[in-house]
Amino acid sequence: MLDLQKGQILSDRYTLVDLISPTEDWNGSLGGGATSIIWKARDDHCSIADLETYVAIKFHPHRPTEQIEILFRREAIVLMQLRGHPNIVSVLDLGEWTNATTGDVYAFIVTEYCDTDLATLAERGVGAHLDTFYKSAIDTCRGLAYAHGKNLVHRDIKPANLFLALDRMTVKIGDFGLAKDKSYPPDPRATVVFGGTRGYKSPEKARGSMSARAAQSEIRSDIYSLGVTFYQLLTGQHPFPEGHERELGPPRPAALLNKNVPDELSELVQSMLCYQPTKRPSSIREIRDRLERQHKAL
Ligand SMILES: Nc1ncnc2c1ncn2[C@@H]1O[C@H](COP(=O)(O)OP(=O)(O)O)[C@@H](O)[C@H]1O
Ligand SMILES: [Mg+2]
């Protein structure tokens, strides 16, 4: 059991300060294993003149099995490959904690500590001011284009996985727990049993029927999930509350729900949400370029 308390010190270095996730209103179910345990911790090796440095520490909640270990360490390796990009959460360390009673060893990933995530901001009713939306959306596209350029697809893009850095301006993509390196054949020992989040997963993924060719273009599935995310940030609503496993036609344009949304932005988001992957924009770079042009013209 992952039995951690405030004040506990891991690796002789990280003092646990607060449990960040799951939050108190969490319903207690760890269904599908998708919910990790995230602690805010103080890095005792990195305090300068009484100024403290905080980090985030991520554990997989379940008893470690070989498959969990492989998947978990893979997240750290993916983050290492993306290190240095300002719009991707920085990985700092990989450690282990042993439960002294059971002898179970739990790996943990240490990353830079961020202020919050975009889902929490939206829940608090922090409305998407158009300028803030463009800034966040462009940051996200920069990070995601960088990952795609390294052959990595995220596979779980949603507001809760887009973190707001301590400057409260920069968006950093986090939670690469489901990311896939397209350069390598899948590791059969590390089959991902929970592929993405319902409501954000592209229709082809939700149906579980991606053809070999479609599987090659998982980039367009990330683009769909990003479309859902943009739509929610702009309107406060989900584009397909009933699900999108079958073709339903386009959602109500974002510009109809929020009169501040310019038509060209609304059209871009609609195109990202197309049921047919081939009708969506083909790259994140293209989306970023269009957002940058629109932002400049504001
Ligand atoms: N580095 C971090 N800084 C601040 N908050 C974080 C950090 N990492 C995760 N969180 C918070 O914890 C939540 C869960 O973390 P995440 O990595 O998405 O794991 P999972 O979705 O598997 O539970 C995030 O949605 C975010 O609110
Ligand atoms: Mg997450």
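The questions below ask how certain descriptions of this predicted model are reached.

Q: Why is Arg 155 called buried or exposed?
A: Arg 155 has 22 other C-beta atoms within 10 Å, and a residue is buried if 20 or more other C-beta atoms lie within that distance, so Arg 155 counts as buried. Its place is in the loop between β8 and β9. In the protein as a whole, 35% of the 298 residues count as buried.

Q: How do you know whether Asn 151 is buried, exposed or partly exposed?
A: Asn 151 has 13 C-beta neighbours inside 10 Å, whereas a buried residue needs 20 or more and an exposed one has 12 or fewer; Asn 151 therefore counts as partly exposed. The residue lies in the loop between α3 and β8 (152-153).

Q: What makes the phi of Asn 151 and the phi of Arg 155 worth noting?
A: Most residues other than glycine have a negative phi. Asn 151, which is not glycine, has a positive phi near 70°, and Arg 155, which is not glycine either, has a positive phi near 70°.

Q: What is noted about the peptide bond that joins Ser 21 and Pro 22?
A: Most peptide bonds are trans. The bond between Ser 21 and Pro 22, with omega at about 0°, is cis. Pro 22 is found in the loop between β2 and β3 (37-43), while Ser 21 is listed among the closest residues to ligand 1.

Q: How do you know which parts of the protein surround ligand 1?
A: A residue is near the ligand if its C-beta atom lies within 6 Å of it, and 20 residues surround ligand 1, with Ser 36, Ala 56, Cys 114 and Asp 175 also among the closest. At least two residues of the shell come from each of β2 (14-21) and β4 (54-59), and at least three from each of domain 1 (9-112) and domain 2 (116-296). By kind, the shell divides into nine nonpolar, eight polar and three charged residues.

Q: Why are β9 and β10 said to pair?
A: Two strands pair if at least two bridges are found between them, and β9 (residues 162-164) and β10 have three bridges, so they count as a pair, in the antiparallel sense. Within these strands, Phe 163 stands opposite Lys 172 in β10.

Q: What makes β7 (116-117) and β10 (171-173) edge strands?
A: The open sheet has three strands in the order β7-β9-β10, and β7 and β10 each pair on one side only. Helix α3 (residues 130-149) lies across β9 and β10, and runs at about 35° to β10.

Technical notes:
Residues numbered from 1 in each chain as written. Chains lettered and ligands numbered in written order. Predicted model: local features only at pLDDT ≥ 70, side-chain atom pairs only at ≥ 80, totals over all residues. Helix = DSSP H or I, 4+ residues; strand = E, 2+ residues; numbered from the N terminus. Nonpolar A, V, L, I, M, F, W, Y, C, P; charged D, E, K, R; others polar. Domains from an automatic or database assignment. Contact = placed C-beta atoms within 7 Å. Axes fitted to C-alpha atoms, helices over the stretch in contact; angles between N-to-C directions.
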